[in-house]
Amino acid sequence: MPESVEIPPFTAVPEAKPADASSPLESPKSQFSKHILVNSNALQLTTYPGLNGVDPVPLQWGAADAKSRGPIVVSRNSSQLKRRNAMGAHGGSYSIYNALAIAAGDLPKDFKPDFRNTEPTFQFPQQPAWSDRMKIVSLDPFGHDIIKNFKEYLDVGWDLRPTMAVTRANMRLAEIEKAVSEGKLEVDGSVIVGKNGDVKVTKVAVEPVWYLPGVAERFGVDEGTLRRMLFEHTGGSYPELITRPDLKVFLPPIGGLTVYIFGPPERVADENVKLALRIHDECNGSDVFQSDICTCRPYLAFGVQEAIKEAQNGGSGVVIYFRKEGRALGEVVKYLVYNARKRGGDTADKYFERTENIAGVRDMRFQALMPDILHWLGIKKIDRMLSMSNMKHDAIVAQGIKIIERIPIPEEMIPQDSRVEIDAKINAGYFTTGKKYTTEELAQVKGRGWEKWEDVTH
Ligand SMILES: [Zn+2]
């Protein structure tokens, strides 16, 4: 770590003078027009590398430590606009709510958070991957500890925000409570702490921070194409993707992920103990509301149960929850697919075709960036991989992380109506130790129809 790091000077640019306070009798419409006018005078749509005063704070992705890497500076406030070294905004998809809060006057636009006592509850040791510019490309490996790493910046007024947070909590799942009451899981006082199935867990929330050359490389596309598509297909929201090729970091407006660690977090990176791990992609309808059309909640509960068992056996258990609802197609598309399936005769041989007809692809989750969090945690091998997905498996193995055993969801946990999904996936290459259906047989795997529903409503 360098002895000292020079903090770039912070030059506060005076705020534009607000217009005269509106008369309380003025109509909301005229207040609104005046407001737009005042703001538009100072509005800078984009910046260019040679523009007067543009001088990004040095950011060297993949540097040996946080201080030599440099802070992620993304705020567009007037004193930082020309010193930014990243595009996008903090908060992932919630950046829009932040903008709304400022527009509504609930949040001052120059608000600076007070980070006292927000530090991580567990100090994850720095892993070699944190300073490998191509191993971690979709999160900021130092994003959990900005108070320690960039205190000098915060102290003189820079607006920097953590993009990760580490906490600890209790968790209670009905399936775990049931397993405890049936004697299948033991109350050991350390991982499971109560008869009602209360589980101790360490949690890490992560917002996406993309290093664009690394993301482009993972997808096998050139950076220019990636930037152009991100610009075009977000309604032109981030013009600096085009005008600032010198800025390589982008905080996209998408959901992040949460890591749930069972057992002592220091064991996660320990190659001498066993690790059970599930990578789970969000499915709100099943995960929370227990729809029976898919295997998401049962597999998640099974993953948690096996992770707990491994931790109780002296190993470690990890479940990572990605906000990629409905294969990253969203719930609207997902429900349209449900309708097309149920109205068209819901058979497993047509399962993927129905999604492709509506979304153009069968899956938009692209697991290529998923292994970043495994690198961050220092995971080098997974003893028990609680997933049948070939895409997840291949992405992890492609990153040099070994998978020793793959564990499919137990047959008895598969809801009847979800056979269409699971059998179609197995036929398409998902891992199984059970039966693999032929295409002809898949046509016989039928989901529940809607007939009874429609009878009731008519
Ligand atoms: Zn699901």
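Helix α13 passes α14 in a right-handed crossing. In this predicted model, α13 spans residues 331–343 and α14 spans residues 351–359, and their axes come within 9 Å and cross at roughly 130°. That angle falls short of the 145 degrees above which a pair would count as roughly antiparallel, so α13 ends up oblique to α14. On the α13 side, the contact is made by Val-333, Leu-336, Val-337, Ala-340 and Arg-341. Their counterparts on α14 are Arg-354, Thr-355, Asn-357, Ile-358 and Ala-359. Sorted by class, the contact has six nonpolar, two polar and two charged residues.

Helix α14 turns up again in the surroundings of α17, a helix made of residues 419–427. The buried residues of α17 pack against α14 and also against α18 (439–442). Eight of the nine residues of α17 are buried, so the helix is largely enclosed by the rest of the structure. The buried set mixes side-chain types: Val-420, Ile-422, Ala-424 and Ile-426 are in it, but so are Glu-421, Asp-423, Lys-425 and Asn-427. Just after α17 comes Gly-429, which takes a positive phi of about 120°.

Now to the strands. Strand β8 (residues 316–322) is mostly covered, with seven of its seven residues buried. In a regular strand, side chains alternate between the two faces of the sheet. In β8, Ser-316, Val-318, Ile-320 and Phe-322 point one way, while Gly-317, Val-319 and Tyr-321 point the other way. Residues on both sides of β8 are buried.

Strand β8 pairs with β6 and with β7, in opposite senses. Strand β6 (residues 257–262) runs antiparallel to β8 and is joined to it by six bridges. Within this pairing, Ile-261 has Val-318 of β8 as its bridge partner. Strand β7 (residues 275–281), on the other hand, pairs with β8 in the parallel sense, over seven bridges. Here Asp-281 stands opposite Phe-322 of β8.

For the protein as a whole, the count is 19 helices and ten strands. Of its 458 residues, 37% count as buried. Among contacts with a separation of 6 or more, 70% come from residues 24 or more positions apart.

How values were computed: Residues are numbered from 1 along each chain as its sequence is written. This is a predicted model: local features need pLDDT of at least 70, side-chain atom pairs count only at pLDDT 80 or more; totals for chains, interfaces and linings use all residues. Helices (H or I, at least four residues) and strands (E, at least two) are DSSP runs, numbered from the N terminus. A residue is buried if 20 or more other C-beta atoms lie within 10 Å of its own, exposed if 12 or fewer, and partly exposed in between; C-beta atoms are placed from the backbone. Two residues are in contact if their C-beta atoms, placed from the backbone, lie within 7 Å. Two strands pair if DSSP finds at least two bridges between them. Axes are lines fitted to C-alpha atoms, for helices over the stretch in contact, and angles run from 0 to 180 degrees between N-to-C directions. Angles under 35 degrees count as roughly parallel, over 145 as roughly antiparallel, 65 to 115 as roughly perpendicular and the rest as oblique. A crossing is left-handed if the near helix is turned anticlockwise from the far one by less than a right angle, and right-handed if clockwise. Ala, Val, Leu, Ile, Met, Phe, Trp, Tyr, Cys and Pro count as nonpolar, Asp, Glu, Lys and Arg as charged, and the others, Gly among them, as polar.
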